[in-house]
Amino acid sequence: MLKTTAWAVPVIASAVAAPARLVSPSEPPAVSARPDWVDDTPALTVESTNPGAAIPAGVYSFTATGGVSPTAELFRTDPVMAANVQPAKPGGTTATVTLLEGSAVSNFTAYVVIDGIRDTIDPAATLTVTLPTGGGASISLLDELPTQTPEPPALAAYGPNGAHWPARTPAVDAAFDWVVDVDPTWAAIAAAITTATTQHPNGKVKIRVKPGVLPTGAGAGSSSKAAIENVGAAGRPWRILVTPRDGWGTVTGAGGYAIRGVKGVSFVGLDLIDSAVLVRDSQDVALGWSTFAYLNITANGAAVTGVEFVECVLPNQLDIDNADRMAFRVANGHSINGVTMSGCYVAPAYKPAGSTMHCDTLQVSGGAVSNIAFTDSIFFQSSSQILQFEQTQGVAFTRTAVLGGRRGSGRYPFGADRHVNIGQNSVWGKTTSGVTFADSVVLGSINSRDVIVSSASNTVVSHMPAVAPLQGSYTVDSQYANLETPVPAAWFDANCPMPSRARLAQVWAALAV
């Protein structure tokens, strides 16, 4: 079955009255006590250890130390049990709760109101309950409720979760050899990279981009004028970090941007959700913790090597006429080698109804492409293929989900004017070899006659491919064999929460330092 990750939610117990028994219980009455809280006040909860049973009759003694007297003004129970409570007299140390035979109480909580006396009591003051059956529990009266921080976002199995970071890139809060603030222009960024390259060839460098909108780009086509080019250097021990000064969402853009001939740089935290970005003829470059409309790689003037896409998010469904959502392309005898996508999320692109144009989620074409790795990522099917490979050698899927057919349409529905998939083309390739699957999910087809799968382990498929992997095997979950069966919302919520702006601000909050 599809693997779902679950997160426990704390449950606060409340006092519940159990129905009075008409006959003697078959099991002996039992009771326990434990530390608890009432709002921000330390408390003791007494409760039955037999579900549905009343707690034993008898005297429950609550003894305070440290100069605290549990008088009527200070001693409380939840629920209120005035008829059962005997508070301490002034100067006394013990209050009692007495339950008579036939009592229907199954649990209650007791505490001392200390707000007005906090500064006058011994720091070691305690409250202890002694049960009529023996035993009990104690609390410190001056304990403070643990700091209530916002609930952390679920750690997504697929897509962005703040757990991935570009290689050889210092963390935002690391100790840097040089930090500089620049205006939100590609020219200012390029100048700072050049300075860092010459003055700090082996150092840790952070270029902080001030809030603003990058100048409108000239496009992200294979021959578009570059927004930034021929900066950086190969062989640096640390990539130069370029990141917004004030966190993700503060540096945005317009139009398309080509990054050409750049070396040894990590661009992290850009909000280019309406822009196309192309990495062209570059080496040792990373894009991370960023949003895009399109994201491409081209090698047509030099080889591309060592490119990382780390928690790159293309979250919005695109209704387009003729384009792939992502593309890795080579031309003029050049090559692409070594591309990794970690923690990425790629939503679909849908072409118009009746269109004969091709529209993939990711197309790899042109030949001479090798060593692509997908980890902790998720891809939704566009109108044609999800992942199309041509003459690609070495493709590794690790903890990655590929949702073909209409299985992702519950999250990304087809518009009335859009082409509706009739195939389930998840992984397709021509003369592609060295493909491996580990701990992954592939719903839809694997074109295993032209895609040579070297190994598969702990990987769920919707139906068995025609050709088995050379090593290992798949696990079939026929529940999703029908391409029209959407994956349920609960699976998405648990494994890849929608990367809304609010969620991304949470998981990438570390950028705002």
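Strand 8 (residues 126-130) and strand 9 run antiparallel and are joined by five bridges. Strands here are DSSP runs of E with at least two residues, helices are runs of H or I with at least four, and both are numbered from the N terminus. Two strands count as paired if DSSP finds at least two bridges between them. Thr130 has Gly136 of strand 9 as its bridge partner. The model is predicted: local features need pLDDT of at least 70, side-chain atom pairs count only at pLDDT 80 or more, and totals for chains, interfaces and linings use all residues. Residues are numbered from 1 along each chain as its sequence is written, and side-chain values use heavy atoms, with hydrogens and water left out.

Strands 8 and 9 belong to an open sheet of five strands. The order is 5-6-3-8-9, and the pairing is antiparallel. Strand 5 (85-86) and strand 9 (136-140) stand at the edges. Each has a single partner strand, so one side of each is left without a neighbour in the sheet. Strand 3 (residues 58-64) pairs with strand 6 (residues 94-99) in the antiparallel sense, over six bridges. Within this pairing, Thr63 stands opposite Thr94 in strand 6. Strand 5 is joined to strand 6 by two bridges, again antiparallel. Here Gln86 stands opposite Thr96 in strand 6.

Salt bridges were counted next. The criterion is a side-chain nitrogen of Lys or Arg within 4 Å of a carboxyl oxygen of Asp or Glu. The structure holds 17 of them. Glu47 and Arg34 meet through their side chains at 2.7 Å, N to O. Glu47 lies in strand 2 (residues 41-48) and Arg34 in strand 1 (residues 31-38), so this pair ties together parts 13 residues apart in sequence. Arg34 is partly exposed, at 26% relative accessibility. The classes are buried under 20% relative accessible area, exposed over 50%, and partly exposed in between (1.4 Å probe, protein chains only).

Asp271 and Arg501 also form a salt bridge, at 2.5 Å, N to O. This pair links distant parts of the chain, 230 residues apart. Asp271 is in strand 18 (residues 271-280), and Arg501 is in helix 3 (residues 501-507). The two partners differ in burial class. Asp271 counts as buried at 5% relative accessibility, whereas Arg501 counts as partly exposed at 42%.

In a further salt bridge, the closest N and O atoms of Arg406 and Glu484 are 3.4 Å apart. The pair links distant parts of the chain, 78 residues apart. Arg406 sits in the loop between strand 31 (401-403) and strand 32 (425-430). Glu484 sits in the loop between strand 39 (475-476) and helix 2 (489-495). Glu484 is partly exposed, with a relative accessible area of 47%. Elsewhere, Arg168, Arg239, Asp284 and Glu308 are linked in a network of salt bridges.

Arg406 also appears in the lining of the largest cavity. A cavity is a set of points, on a 1 Å grid over the protein atoms alone, where a 1.4 Å probe fits but cannot get out; lining residues have an atom within 4 Å of a point. Grid points are joined across faces, edges and corners, and a volume is the space filled by probe spheres set on the points. The structure holds two cavities of 30 Å³ or more. The largest contains about 50 Å³ of space. Its lining includes Pro348, Tyr350, Phe380, Leu403, Tyr412 and Phe414. Gln381, Gly405, Gly408, Ser409 and Asn421 are also among the lining residues. By class, this lining has six nonpolar, five polar and one charged residue. Ala, Val, Leu, Ile, Met, Phe, Trp, Tyr, Cys and Pro count as nonpolar, Asp, Glu, Lys and Arg as charged, and the others, Gly among them, as polar.

The second largest cavity contains about 30 Å³ of space. It is lined by Val172, Lys206, Arg208, Thr243, Pro244, Arg245, Leu511 and Val513. Strand 11 (205-209) and strand 14 (240-244) each supply at least two of these residues. Four lining residues are nonpolar, one is polar and three are charged.

A search of the whole structure finds zero disulfides, defined as pairs of cysteine sulfur atoms within 2.5 Å. The sulfur of Cys344 is 4.9 Å from the closest cysteine sulfur, in Cys312, which is too far for a bond. Cys359 is in no disulfide either, as the nearest cysteine sulfur, that of Cys344, is 19 Å away. Cys344 is buried at 0% relative accessibility, and Cys359 is buried at 1%.

Definitions and conventions: On a 1 Å grid over the protein atoms alone, a cavity is a set of points where a 1.4 Å probe fits but cannot get out, and a pocket is an open set with protein on both sides within 12 Å along at least five of seven lines; lining residues have an atom within 4 Å of a point.
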